[in-house]
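Subject: Structure for your review

Dear colleague,

Please find below the structure I am handing over to you. I would be grateful if you could look through it alongside the notes in this message.

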Amino acid sequence: MRHYQNKSQFYKSKEFYDFKTMLMHKRLNENGELLCEECGKILLHRYDTIPHHHKIPLTNENVNDRSISLNEDNIQIVCFQCHNKL
């Protein structure tokens with residue numbers, strides 16, 4: 001993992017793009033659908049999907065801590081509405 005100066009740099013990185021793509025594919029249900037892990041809504045459109053809600057919030061201070069930034073157990077895939085509520 002390279003060193004990131006801030007969250008924005010991390011979220012734009014190929015490393016994070018590859019991670020979230022893998023995670024979204026891994027979490028497809030038996031029908032090949034991606035569901036919001038908060039409300040259960042089927043996520044049909046990419047613009048309605050936030051595939052990186054960190055349960056332990058990602059900060060500029062912890063962005064380089066892989067146990068937070070790239071930990072599958074710390075990431076929820078949620079819809080835009082649930083992300084705003086959380």
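The notes below go from the overall fold to individual residues.

Please bear in mind that this is a predicted model. The mean pLDDT of the chain is 90, with 95% of its residues at 70 or more. Confidence varies among the elements: the lowest mean pLDDT, 76, belongs to strand β1 (residues 49-54), and the highest, 95, to helix α3 (residues 66-69).

Overall fold

The chain holds 4 helices and 2 strands, arranged along the sequence in the pattern α-α-β-α-β-α. Its C-alpha trace spans about 35 × 25 × 20 Å along the principal axes. The radius of gyration is 13 Å, which agrees with a compact globule of 86 residues, because such a globule would have a value near 12 Å. Of the contacts between residues at least 6 apart in sequence, 64% join residues at least 24 apart. Buried residues make up 36% of the 86 in the chain. The exposed surface amounts to about 5,500 Å², of which carbon and sulfur atoms supply 51%.

Nonpolar core

In soluble globular proteins, nonpolar side chains tend to be buried together. Here, the largest nonpolar core comprises 19 residues, and F10, F19, C36, L43 and I77 have the most contacts inside it. Helix α2 (14-26) and strand β2 (75-79) are the elements that give two or more residues to this core. Leaving out residues up to four places away in sequence, C36 touches K41, L43, I77, V78, C79 and C82.

Q76 and the C-terminal residue L86

Q76 lies in strand β2. Is this residue buried or exposed? Q76 counts as buried because its relative accessibility is 11%, under the 20% cut-off. Its side chain makes a polar contact with the side chain of E38, at 3.0 Å.

L86 belongs to the segment after α4 (80-85). With a relative accessible area of 47%, L86 is partly exposed, as this value falls between the cut-offs of 20% and 50%. Which residues does L86 contact, leaving aside its neighbours within four places in sequence? They are E38, H53, Q76 and V78. E38 and Q76, the two partners in the polar contact described above, are thus both in contact with L86. In addition, the C-alpha atoms of L86 and K55 are separated by 9.2 Å, although these residues are 31 apart along the chain.

Yours sincerely

Key:
Residues are numbered from 1 along each chain as its sequence is written. This is a predicted model: local features need pLDDT of at least 70, side-chain atom pairs count only at pLDDT 80 or more; totals for chains, interfaces and linings use all residues. Side-chain values use heavy atoms; hydrogens and water are left out. pLDDT is the predictor's confidence in each residue, from 0 to 100. A nonpolar core is a set of buried Ala, Val, Leu, Ile, Met, Phe, Trp, Tyr and Cys residues joined through side-chain atoms within 4.5 Å. Buried means under 20% relative accessible area, exposed over 50%, partly exposed in between (1.4 Å probe, protein chains only). Contact means heavy atoms within 4.5 Å. The radius of gyration is taken over C-alpha atoms; the globule rule is 2.2 Å times the number of residues to the power 0.38. Accessible areas come from the Shrake-Rupley method with a 1.4 Å probe; for residues, only the protein chains shown count as cover. A polar contact is a pair of N or O atoms within 3.5 Å; within protein, one must be able to donate a hydrogen and the other to accept it, and residues adjacent in sequence count only if both atoms are side-chain atoms.
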